[in-house]
Amino acid sequence: MKKIFVIALGLMLCSGAADAQNLLDKLGKTVQKKVAEKVTDAVNKEVRKAVSKGKNRNQDPQADGQTPAQQPVSAVSVHKPLVKDEGQNIPRQEGLDYIDEYGINHGGGILIGDVLWAPVNCGYHETDYPYGKLYQWGRKHGQGYGAPYVKEEYEINPDKTTAEIVPAPVKPAEALKYPDRFYARSDMALFNWTDNDMSLWCPLVFEGKATKHPEYDPCPEGWRVPELFDFYSLVVHYSDFVQYPEGGPKGRWFSGPAEYGTDVPRIFLPATGMRTRDGGSHSRDSQAIYWSLRHGGGEGLIWHLYLNEDEATVDPSAFPHEAYSVRCVKDIEGQTLK
């Protein structure tokens with residue numbers, strides 16, 4: 001099998017798909033399938049290596065401490081080449097509208113698989129926060145992207161307002177009084193802006209039932225922070241790294257179990273950038289992390305969806321100190337989390 005795979009891969013990379021296919025046609029269906037899968041994986045790997053720009057989200061440009069190694073545990077499947085997607089033909093669920101913190105109705109949610117997703121990021125405002133706000137894990141309020149900036153080579157797109165940066169720790173109830181503050185790490189709080197409190201966004205009760213914790217959940221009434229498996233189902237299929245709308249944020253379209261295209265339900269997740277534990281902003285239009293409510297039980301062990309210009313994965317390691325994006329999902333009473 002290994003010898004056959006090497007021959008087919010060599011034909012695919014050096015001669016062309018036609019010669020490789022001729023070889024595969026002579027094989028049995030079972031062998032043919034296994035070889036085709038290995039060839040596809042190898043070709044995709046070579047393509048990703050060719051387009052990679054060497055960006056590494058695990059290097060905090062301002063941190064003098066070391067972050068834990070990021071171990072991607074769920075890579076996405078094959079995605080289609082670049083297409084012009086203007087957000088057309090996306091069905092909405094009538095009567096299940098997403099009404100944001102400003103009282104603006106963005107219309108019905110978008111059903112992808114069995115999860116109903118909000119049409120915009122949490123904290124989104126068309127002019128003031130076009131990427132949505134950035135949230136420290138477990139906080140009700142998010143802040144804008146802006147100064148102080150981490151040195152970067154790409155254009156800055158700041159939000160209308162940014163946060164006052166003050167040293168942590170702080171109690172969650174106290175943080176509610178200061179929605180425009182960012183609680184940065186200090187000698188007393190290296191990894192978390194508050195105590196290691198898993199209950200802030202992690203609404204697990206007996207038998208895994210999901211119950212929204214409205215005091216700290218940033219999502220509007222009827223919606224909640226996504227669960228880990230909400231992201232697993234979402235990242236099965238996705239688009240290339242594109243700009244949407246014209247002149248707007250860069251990011252990716254995600255279509256979940258349906259193969260990505262302009263005729264299936266999908267949501268656009270912009271590359272919002274992020275804030276480090278020290279409060280610095282970086283990577284807008286280049287990278288983004290979207291929080292889940294799943295806490296791994298220790299510092300730096302929070303699950304999230306990560307996307308950049310090359311990939312999209314579901315990863316297990318991030319600090320509550322850091323500020324990332326939230327895309328809400330419909331909160332269903334009595335829903336069982338996996």
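Visitor: What makes Lys133 and Glu101 a salt bridge?

Guide: Their closest N and O atoms are 3.2 Å apart, and a salt bridge needs a side-chain nitrogen of Lys or Arg within 4 Å of a carboxyl oxygen of Asp or Glu, so the pair qualifies. This is a predicted model, where local features need pLDDT of at least 70, side-chain atom pairs count only at pLDDT 80 or more, and totals for chains, interfaces and linings use all residues. Residues are numbered from 1 along each chain as its sequence is written, and side-chain values use heavy atoms, leaving out hydrogens and water.

Visitor: Why is Lys133 called buried?

Guide: Buried means under 20% relative accessible area, exposed means over 50%, and partly exposed is in between (1.4 Å probe, protein chains only). Lys133 has 12%, so it counts as buried. Its partner Glu101, at 49%, is partly exposed.

Visitor: How do you know that Lys177 is exposed?

Guide: Its relative accessible area is 58%, which is over 50%, so Lys177 is exposed. Lys177 meets Glu174 in a salt bridge, with 3.2 Å from N to O. Glu174 is partly exposed at 29%.

Visitor: What makes Asp278 and Arg185 a salt bridge?

Guide: Their N to O distance is 2.9 Å, and the limit is 4 Å, so this pair fits too. Asp278 counts as partly exposed at 23%, whereas Arg185 counts as buried at 15%.

Visitor: Which residues do shared salt-bridge partners join into one network?

Guide: Those are Arg224, Asp230 and Asp331. Across the whole structure, the search finds twelve salt bridges.
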